[in-house]
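Trainee: I would like a close look at one part of this model, followed by its setting in the rest of the chain. Please take it step by step.

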Amino acid sequence: MKNVKENVKINRGATAIARQSLSKPAKYFLKKGIFNKNLSILDYGCGKGFDVETLKNEGFDIKGYEPFASDKFLEKPIGKFDIVVNNYVLNVVEIPEERKKIVKELKKLGKKVYISVRSDKKSIKPTWKKFGDGFITPKKKKKKIYDVESLKEEFGNDIKILVSDSIGITFEI
C-alpha cells in the first residue's frame, strides 16, 4: 500500500452511519447492565444519534454530542455524567495527540468511561491508502484499525478490556 503524504482534508462526519438498530456497544452495555435508567449517560461522538434517540425513548437519561456528523447534537456537554461512551470515534481521528486529548476530555466528563474501537483488519480494502498510523479511503475517511496491544501502547496498560472480537474492542479507561 502506498503511503499518502499530501495534506488531505479528512471528512470525519462521513463515517457516521444511519442505523436501524442499536450499535453493538450499546447492546453490550444494556446486556451487561452498564446502562441503567438511574444513571446519566453521554454518548460522545454519537454520529446520527440513533442510539441516543432510541435509549431516550426507552426512558434512559442520555445525551449525545456530535460535532461532525449531525446538526442535532452540537451542544458541547458540561458537567459530570455517570457514564460516558465513545463508540468508533477514535478510529477516525487522524492525529494521535488529538485522540489522547479526546480521551482526556472523556475522563473529565465521566465517572466511568467506555470506549469502543474497530479492530476488523479484514475490512481493509485494496483502495485504501496508508495514512499516518492508519488508512484513508477514497471518500477521504480516516480509518485506524486497533488491536489490544496498540490500544495499550496509545492509552496505557491500565485500560480494562471488556470485549475483543473480530469487529471491535470495547474497554474501560
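How many bridges join strand β6 (residues 134-136) to β7, and do these strands run parallel or antiparallel?

Mentor: Strands β6 and β7 are joined by 2 bridges and run antiparallel. This is a predicted model, in which local features need pLDDT of at least 70 and side-chain atom pairs count only at pLDDT 80 or more, while totals for chains, interfaces and linings use all residues. Residues are numbered from 1 along each chain as its sequence is written, and side-chain values use heavy atoms, with hydrogens and water left out. Strands here are DSSP runs of E with at least two residues, helices are runs of H or I with at least four, and both are numbered from the N terminus. Two strands count as paired if DSSP finds at least two bridges between them.

Within the β6-β7 pairing, Phe135 stands opposite Lys143 of β7. Both strands belong to an open sheet of 3 strands, with the order β5-β6-β7 and antiparallel pairing. The edges are β5 (129-131) and β7 (142-143), each with a single partner strand, so one side of each has no neighbour in the sheet. In the loop between β6 and β7 lies Lys140, which has a positive phi of about 65° although it is not a glycine. Most residues other than glycine have a negative phi. Lys140 counts as partly exposed, at 39% relative accessibility; buried means under 20% relative accessible area, exposed over 50%, and partly exposed in between, with a 1.4 Å probe and protein chains only.

Before this sheet in sequence, the loop between β4 (110-118) and β5 holds Asp120. Asp120 is buried, with a relative accessible area of 11%. Its side chain makes a polar contact of 2.6 Å with that of Arg118. A polar contact is a pair of N or O atoms within 3.5 Å; within protein, one must be able to donate a hydrogen and the other to accept it, and residues adjacent in sequence count only if both atoms are side-chain atoms. Leaving aside residues up to four places away in sequence, Asp120 touches Ile145, Ser166 and Ile167, where contact means heavy atoms within 4.5 Å.

Now the setting. The protein has 4 helices and 9 strands, in the sequence pattern α-β-α-β-β-α-β-β-β-β-α-β-β. Of its 173 residues, 49% count as buried. Among contacts between residues at least 6 apart in sequence, 64% join residues at least 24 apart.

Elsewhere in the chain, β1 (40-44) has 5 of its 5 residues buried, so the strand is largely enclosed by the rest of the structure. Its two faces are both covered: Ser40, Leu42 and Tyr44 lie on one side, Ile41 and Asp43 on the other, and all are buried. β1 pairs with β2 in the parallel sense over 5 bridges, and Tyr44 stands opposite Tyr65 in β2.

Helix α2 (residues 50-57) has Asp51, Val52, Thr54 and Leu55 as its buried residues. Their cover includes α1 (24-31), β1, β2 and β3 (81-87). Just after α2, Gly59 takes a positive phi of about 100°.

Strand β3 contains Asn87, which counts as buried at 10% relative accessibility. Asn87 touches Ser23, Pro25, Phe29, Gly45, Asp51 and Ser116, not counting residues up to four places away in sequence. With Ser116 there is a side-chain to side-chain polar contact of 3.3 Å. Asn87 and Cys46 are 41 residues apart in sequence but 7.5 Å apart in space, C-alpha to C-alpha. Tyr88 lies in the loop between β3 and α3 (96-109). Tyr88 has a phi near 60°, a positive value in a residue other than glycine, and is buried, with a relative accessible area of 18%.
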